[in-house]
Amino acid sequence: MTTLVQPQPTEDAERNDAERKVSATQMYHEVARIIERMHRRFLDVLRIELSRIGIDDISPVQVMMLLNISNGEISVRDLIERGYYLGSNASYNLKQLVDSGYVDRSASPRDKRAARLKLSPRGLELCERLRHMASVHSDGLIRTDGDSQDFEVTYRTLRRLERKWTDVIRSDETEIL
């Protein structure tokens, strides 16, 4: 009877596997830091664009809220849940947006205690200007088919990471990512 001997991993192979795992773990943590820095940079870009078009009565965070409201009508609760805003911050920022004329706020027809939000004409105009800005920026970033493919992979990867983190939060997973 012949016995096949399974090759045993060498110390070098085990070390390479461990280095790869450490490297992936380091990248995982670095991705979170990059996402945080990118968010701050994007708010800086919005601040610059607002200044460029002469708007000084709205903050970049409030602009993000406008973009999350978009063209439809949304409840305050849905905006908070979708935008991951804290309730007190959202309330303050929404009051500023209503007072500045960017958002129209009305009572829900079904529940008078709940507020419905929609962009005012002023809010719609600002969002359109900012969408144009985003188009210009993306055109400068994506110049070839390869750039487009890279951007799509990045988008899909970030969405997958967002879903994973959401699953961890919702189910309080203890498994190692």
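This passage describes the fold of a predicted model, from the overall arrangement of its chain to its sheet and a pair of its helices.

The chain contains six helices and three strands. Taken in sequence order, these elements follow the pattern α-α-β-α-α-β-β-α-α. Of the 177 residues in the chain, 22% count as buried. Among contacts between residues at least 6 apart in sequence, 49% join residues at least 24 apart.

The three strands make up an open sheet, in which their order is S1-S3-S2 and the pairing is antiparallel. Strand S1 (73-75) and strand S2 (103-107) lie at the edges, each pairing on one side only. From one strand to the next, the twist averages 30°. In general, the strands of a sheet pair through backbone hydrogen bonds, in either a parallel or an antiparallel sense.

Strand S3 (residues 115-119) pairs with S1 in the antiparallel sense over three bridges. Strand S3 also runs antiparallel to S2, to which it is joined by five bridges. Individual residues show how the strands are aligned. On the S1 side, Ile74 stands opposite Leu117 of S3, and Ser75 stands opposite Arg116 of S3. On the S2 side, Arg105 stands opposite Leu117 of S3. Leu117 therefore faces Ile74 in one direction of the pairing and Arg105 in the other. Strand S3 is mostly covered, with four of its five residues buried.Ser75 was examined in more detail. This residue is found in strand S1. Ser75 counts as buried because its relative accessible area is 11%, and the cut-off for burial is under 20%. The side chain of Ser75 reaches the backbone nitrogen of Asp78 at 3.0 Å. When residues up to four places away in sequence are not counted, Ser75 touches Ala115 and Arg116.

Helix H2 (residues 60-69) packs on the sheet and touches S1, S2 and S3. The direction of H2 makes about 95° with that of S3. Within H2, the buried residues are Pro60, Gln62, Val63, Met65, Leu66 and Ile69. An α-helix has 3.6 residues a turn, so residues three or four places apart point the same way. Helix H2 is followed by Ser70, which has a positive phi, near 60°.

Helix H2 also meets helix H4 (residues 87-99), and the axes of the two helices come within 10 Å and cross at roughly 85°. This angle makes H2 roughly perpendicular to H4. On the H2 side, the contact is made by Val61, Gln62, Met65 and Leu66. On the H4 side, the residues involved are Ala90, Asn93, Leu94, Gln96 and Leu97. By class, the contact comprises six nonpolar residues, three polar residues and no charged residues. Gln62, Met65 and Leu66 take part in this contact and are also among the buried residues of H2.

Conventions:
Residues numbered from 1 in each chain as written. Predicted model: local features only at pLDDT ≥ 70, side-chain atom pairs only at ≥ 80, totals over all residues. Heavy atoms only, no water. Pairing = 2+ DSSP bridges. Axes fitted to C-alpha atoms, helices over the stretch in contact; angles between N-to-C directions. Contact = heavy atoms within 4.5 Å. Buried < 20%, exposed > 50% of the residue type's maximum accessible area, 1.4 Å probe, protein only. Polar contact = N/O pair within 3.5 Å; in protein donor to acceptor, adjacent residues only side chain to side chain. Parallel < 35°, antiparallel > 145°, perpendicular 65-115°, else oblique. Nonpolar A, V, L, I, M, F, W, Y, C, P; charged D, E, K, R; others polar.
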